[in-house]
Amino acid sequence: MSYPRSTAPCLDGTSHRGWCILNTSGWQDLPHTRLLADVSLWSADLANLAAGIERVDPFADSFHLDVSDARFAPSLLFFPDLIRALRPLTKRPFHIHLMVERPTTIIEDFVTSGADLITVHAEVGKSEAGAAIQAIVRVGRSAGLALRLDTPLTASEPHLDRIDALLLLGTGLGVKGQDLAPEACDRLVSAASMLGERRARVRLIADGGIRSHTVPLLRRAGADVIVPGSLVFQSQNLVETFSWLGAL
């Protein structure tokens, strides 16, 4: 794989063979002034993903693609060749959520298929998660860290200085249609406090249980980004839906 070259000093120590690696991810360019919609393609018509992307593309801030190995999470979901096929259909950033046991083994495949932000789970272990984040940053993409609903927020602390997003699940992992857990909002509040000054750089993502009545609660609790699925794809008026989201 080739790496971008920069003559700028590597203030964060991110380099490869003496090259300073710039973050070329479109995720970095998204606004910080409103709630962002990271639209989940798992809730689109899987037999016609192209039509789903075309319909939502004018409104989405990014597209969220769940990847699962049927071990870490119960489902089998999106894979690199599918991401590669979808990539030409939109210029929106692709957020690849790796719900897998060994993210380090597949990061390069998803980078080359068109990922902008790649999120790995803290539950894979400090060493594996750290190596994965380092690999993502090294090739100029944005790195995210995800926590299951029952994982203590402290599990994220070793990685907070290297990530661009912290994703908190508000439901069980890898199962659609669940209600938002009662503790989800409190976890967002605590995460925002834990991040402190890092809040200027690390976006908080709320994933799971995204409904019309839960989004305002999640936003007030500190969510910078939500991962809507059926809320968007079942909407009869996308202009109205996204105008409402943007105003929260």
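**Figure 1. Strand β9 is covered on both of its faces.** In strand β9, Arg203, Ile205 and Asp207 on one side and Leu204 and Ala206 on the other are all buried. The model shown here, as in every view below, is predicted. Counted by residue, 5 of the 5 residues of β9 are buried, and the strand is mostly covered. Strand β9 pairs with β8 in the parallel sense over 5 bridges. Within this pairing, Ala165 stands opposite Arg203 of β9. Strand β9 also pairs with β10, again in the parallel sense, over 2 bridges. Here Ala206 of β9 stands opposite Ile226 in β10. The connection between β9 and β10 includes helix α6 (residues 215-221), and these three elements make a right-handed β-α-β unit.

**Figure 2. Eight strands form a closed barrel.** The strands follow the order β3-β4-β5-β6-β7-β8-β9-β10, with parallel pairing, and make a closed barrel of 8 strands. Strands of a sheet pair through backbone hydrogen bonds, either parallel or antiparallel. Which strand does β3 (residues 36-40) join through 2 bridges? The partner is β10 (residues 225-226), and the two strands run parallel. At this place Ala37 stands opposite Ile226 in β10.

**Figure 3. Strand β5 is enclosed and has a partner on either side in the barrel order****.** All 6 of the 6 residues of β5 (residues 94-99) are buried, so this strand is largely enclosed by the rest of the structure. Phe94, Ile96 and Leu98 are buried on one side of β5, and His95, His97 and Met99 are buried on the other. Strand β4 (residues 62-68) pairs with β5 in the parallel sense over 6 bridges. Val67 has Leu98 as its bridge partner in β5. Strand β6 (residues 117-121) is joined to β5 by 3 bridges, and these strands also run parallel. The bridge partner of Ile96 in β6 is Ile118.

**Figure 4. Two right-handed units share strand β5****.** One unit consists of β4, helix α2 (residues 80-86) and β5, which make a right-handed β-α-β unit. The other consists of β5, helix α3 (residues 107-113) and β6, and this β-α-β unit is right-handed as well.

**Figure 5. Ala70 has a positive phi.** Ala70 lies in the loop between β4 and α2. Most residues other than glycine have a negative phi, and most peptide bonds are trans. The phi of Ala70, however, is near 65°, a positive value in a residue other than glycine. Is Ala70 buried or partly exposed? Ala70 is partly exposed, with a relative accessible area of 37%.

**Figure 6. The largest nonpolar core holds 80 residues****.** In soluble globular proteins, nonpolar side chains tend to be buried together. Val39, Leu41, Val56, Ile96, Leu98, Ile118 and Leu166 touch the most other members of this core. Helix α5 (residues 184-195) gives the most to this core, with 6 residues. Ile96 lies in the buried strand β5. Leaving out residues up to four places away in sequence, Ile96 touches Leu65, Val67, Ile83, Phe110, Ala115, Leu117, Ile118 and Thr119.

**Figure 7. Ala191 of helix α5 is in contact with four leucines****.** Ala191 is found in helix α5. The relative accessibility of Ala191 is 0%; the residue therefore counts as buried, as the limit is under 20%. Apart from its neighbours within four places in sequence, Ala191 is in contact with Leu153, Leu166, Leu168 and Leu204. Ala191 and Leu204 are 13 residues apart along the chain, and their C-alpha atoms are separated by 8.0 Å.

**Figure 8. The structure holds one cavity of 30 Å³ or more****.** The volume of the largest cavity is about 60 Å³. The elements that give two or more residues to its lining are β8 (165-169), α5 and β9 (203-207). Which element gives the most to this lining? Helix α5 does, with 3 residues. The lining residues include Leu168, Leu169, Ala184, Arg187, Leu188, Ala206 and Asp207.

**Figure 9. The largest pocket is lined by 26 residues****.** Of these residues, Trp42, Ser43, Lys176, Gly177 and Gly208 lie nearest the centre of the pocket. The elements that give two or more residues to the lining of this pocket are β5 and α7 (230-233). The volume of the largest pocket is about 430 Å³. Gly208 also appears among the residues that line the largest cavity.

Definitions and conventions. Residues are numbered from 1 along each chain as its sequence is written. This is a predicted model: local features need pLDDT of at least 70, side-chain atom pairs count only at pLDDT 80 or more; totals for chains, interfaces and linings use all residues. Side-chain values use heavy atoms; hydrogens and water are left out. A nonpolar core is a set of buried Ala, Val, Leu, Ile, Met, Phe, Trp, Tyr and Cys residues joined through side-chain atoms within 4.5 Å. Buried means under 20% relative accessible area, exposed over 50%, partly exposed in between (1.4 Å probe, protein chains only). Contact means heavy atoms within 4.5 Å. Two strands pair if DSSP finds at least two bridges between them. A crossover is right-handed if, with the strands pointing away from the viewer, the path from the first strand over the helix to the second runs clockwise. On a 1 Å grid over the protein atoms alone, a cavity is a set of points where a 1.4 Å probe fits but cannot get out, and a pocket is an open set with protein on both sides within 12 Å along at least five of seven lines; lining residues have an atom within 4 Å of a point. Grid points are joined across faces, edges and corners, and a volume is the space filled by probe spheres set on the points.
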